[in-house]
Structure formats: C-alpha cells, structure tokens
Amino acid sequence: MEEKKYSYKYPHPSVTTDCVIFGFDGGKLKVLLVERGLEPYKGRWAFPGGFVKMDESCEEGALRELEEETALKGTYVQQFHTYSDPNRDPRERVITVAFFALVRIQEVEAGDDANKAQWFAIDEVPQLAFDHDVILRDALKRLRERIHFQPIGFELLPEKFTMRQLQNLYEAILDVHFDRGNFSKKMLHFNILTPLDETVRPTPKREARLYRFNKESYDDLKQKGFRLEF
C-alpha cells in the first residue's frame, strides 16, 4: 500500500521556531517579547515564533512568524540551538529551532498574530512561557561569546554614534564596566571605527565626536584571526 505524503508509520514531532530579538535603548540591553493570545500559556510572555510549514525551511518559518508578530521584515537571524525536551510543550511533541537577531528598537511594532509586542530590559524579564527562560539564558551566552569575534553590536546602534554610546552597548551586553579612556583607546587601536568630522552635544557643556563602523577594516582583521579582548 502506498503511503501518503507526510503520513509515516513512525511517530514524528512537530517543529517550531523561536526568535530571541535583542535591542538597545542607549543604556540597557533589551529583549522583545509577545503576549500569547492563545492557550497554552495564554496571557504569558514568550518569544515570537510558531510552527514551521511543510513547504518552508526553519529560517523561512522564523522570518515569517517574526513579520506576522512584530512587523519586522528582512531581519537577519542566526540559528543558535535546537530544543527537544519531550515535555517542553504541553500540546504535543514539539522540537523548536531557536534563532537570535539584533534590531533597532524603533523598527518594531505589534503584528496581527500577537496581542502586543513589548521590549523588556534583560533584568526585568518576567517568567516566560514554555522553556523560553532557558532559551533566553542560552541566547545571552551566545551573544556574549560572539561579540568578541563579530561586530554584531553595531547593528544595535545608529549608523553614526559616539564612543560613549558604543561603550554603553558593550557594557550592557557583557554586564561589565569599562574605564572610559581604556575602552576608547582599545577600540581606536583596532581601527574598526572611522572618526567623522561631525559632533553632537550629549549635554550642553560637552561635545562628542561621531564615529562609523568600518566593516572593510574589520573584515581584514578577521582574516588574521582577530579577537576583541577587554
């Protein structure tokens, strides 16, 4: 007897995706959560995500759900882990593929598939639905590892930024405090910043130079085994 497509004699799980979206408000690292409108965990906060369709890859499913729930389009996402605990979802056997992304906070709004989308500071995140607390811890760990090897943090900043804004970002991600002079000296030493002939006034009494990330210089350093140490 010929088996129907997707109708196998062996039990098989469903597959979902979850997206951990990080943003930066100038002082704190934040994560984007959506309020669940359906059971299970109705009314609880969770990551944007959902079930993968039969005709799409996990990444395609993640991007589709992200657009439906947060109105984000064309976001660059990175896969970082797969979660397969048999009891992680009370509905059925569900495996989820987790992604993370860095976006500018002002680009996000609630989409059609979520009651609302809201940014939470990392130290103010409520208890999450499913196993999303574990996923968040893992995503933070991966983010802190990658920032030493990739210029991922610059995606959270404006195109033009001050040295203080950059330091605030790195301190928020790594949860440390840097000496201002040493941080500036180290970042300029690596030649991954282009100083601009433009300034801003963060306060009426202080003027600050603006910089732009130099991707070409960074790519050259990366080929030589570059690692950003503090």
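**Salt bridges, burial and the domain interface**

Q: How many salt bridges does the rule find across the interface of domain 1 and domain 2?
A: In this predicted model, the rule finds zero salt bridges across the interface of domain 1 and domain 2. Three residue pairs across that interface are in polar contact, both residues being at pLDDT 80 or more. By class, the side of domain 1 that touches domain 2 has four nonpolar, three polar and three charged residues.

Q: What makes up the area buried between domain 1 and domain 2?
A: About 850 Å² is buried between domain 1 (14-148) and domain 2 (157-224), and carbon and sulfur atoms give 69% of this area. Phe24, Arg144 and Ile147 supply 58% of the area that domain 1 buries against domain 2, more than any other three residues.

Q: Why is Asn214 called buried?
A: The relative accessible area of Asn214 is 19%, and the cut-off for buried is under 20%; therefore Asn214 counts as buried. Asn214 is placed in the loop between β10 (206-213) and α5 (215-223).

Q: How do you know that the side chains of Asn214 and Thr194 make a polar contact?
A: The two side chains are in polar contact at 3.3 Å, and the rule asks for N or O atoms within 3.5 Å, so the distance meets the cut-off. Beyond residues up to four places away in sequence, Asn214 touches Asn191, Ile192, Leu193 and Thr194.

Q: Why is the pair Lys30 and Asp25 called a salt bridge?
A: The closest N and O atoms of Lys30 and Asp25 are 3.4 Å apart; the limit is 4 Å, so the pair qualifies. Asp25 has 42% relative accessibility, which lies between the cut-offs of 20% and 50%, and therefore counts as partly exposed.

Q: What makes Arg64 and Glu65 count as buried or exposed?
A: Arg64 has 17% relative accessibility and Glu65 has 8%; both values are under 20%, so both residues count as buried. Arg64 and Glu65 form a salt bridge, with closest N and O atoms 3.2 Å apart. A network of salt bridges links Glu56, Arg64, Glu65 and Glu68.

Q: Which parts does the salt bridge of Arg88 and Asp131 join?
A: The side chains of Arg88 and Asp131 meet at 2.7 Å, N to O. Arg88 lies in the loop between β5 (78-83) and β6 (94-102), and Asp131 in the loop between β7 (117-121) and α2 (132-146), so the pair ties together parts that are 43 residues apart in sequence. Both Arg88 and Asp131 are buried.

Definitions and conventions
Residues are numbered from 1 along each chain as its sequence is written. This is a predicted model: local features need pLDDT of at least 70, side-chain atom pairs count only at pLDDT 80 or more; totals for chains, interfaces and linings use all residues. Side-chain values use heavy atoms; hydrogens and water are left out. Domain bounds come from an automatic or database domain assignment. Buried area is the accessible area (1.4 Å probe) that two parts lose on being put together, summed over both. A polar contact is a pair of N or O atoms within 3.5 Å; within protein, one must be able to donate a hydrogen and the other to accept it, and residues adjacent in sequence count only if both atoms are side-chain atoms. Ala, Val, Leu, Ile, Met, Phe, Trp, Tyr, Cys and Pro count as nonpolar, Asp, Glu, Lys and Arg as charged, and the others, Gly among them, as polar. Helices (H or I, at least four residues) and strands (E, at least two) are DSSP runs, numbered from the N terminus. Buried means under 20% relative accessible area, exposed over 50%, partly exposed in between (1.4 Å probe, protein chains only). Contact means heavy atoms within 4.5 Å.
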